[in-house]
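Student: I'd like to go through this structure with you, term by term. Could we start right away?

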Amino acid sequence: MPHISYVDPATVADQVVAAVLVRDRRVLLCHRSAHRDWRPGTWDLPGGHVEPGEEATAALVRELREELAIVSEPPSAAPVRFAAGELDMHVWILHDWRGKTVNAAPDEHDELGWFGPGQVETLDLALAAYRDLIARAVC
């Protein structure tokens, strides 16, 4: 899995959290709206920016509620952590949440989709590093 042991704070502009939501060997991805500044028109993991003073796990719970209208407990496992340009990303693999996933943030993404491992290979992902992470999550 993509992993870094150290992120230089001087080079990091934003802390971001995301989730690989897994159900029935498929993952939920969000298609970024065309007007987005970062990676428009690509498939991305649900999540977003950590607000000042907010814990990363609390930010993940908040983002999942805001974007997908689902409820998740704060993850207790360590996240997969990697750098993506100026982003310090923390990504958790989640198998358990409550509620039906809906596009509660249509200004951010114009479509949601559940994808199996083979389908993910054909998608234009926001970050290529997601492929390996998703493959390991659905095994």
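Student: How do you know what percentage of the 139 residues in the protein is buried?

Tutor: Happy to explain! Buried means under 20% relative accessible area, with a 1.4 Å probe and protein chains only; by that cut-off, buried residues make up 46% of the 139 residues. Keep in mind that this is a predicted model, where local features need pLDDT of at least 70, side-chain atom pairs count only at pLDDT 80 or more, and totals for chains, interfaces and linings use all residues. Residues are numbered from 1 along each chain as its sequence is written, and side-chain values use heavy atoms, without hydrogens and water.

Student: What makes the radius of gyration agree with a compact globule?

Tutor: The rule is 2.2 Å times the number of residues to the power 0.38, taken over C-alpha atoms. For 139 residues a compact globule would come out near 14 Å, and the protein has 14 Å, so the two agree. Its C-alpha trace spans about 35 × 35 × 30 Å along the principal axes.

Student: Which pattern does the protein follow along the sequence?

Tutor: It reads β-β-β-β-α-β-β-β-α-α, with 3 helices and 7 strands. These are DSSP runs: H or I of at least four residues for helices, E of at least two for strands.

Student: What share of contacts between residues at least 6 apart in sequence joins residues at least 24 apart?

Tutor: Counting heavy atoms within 4.5 Å as a contact, that share is 73%.

Technical notes. Buried means under 20% relative accessible area, exposed over 50%, partly exposed in between (1.4 Å probe, protein chains only).
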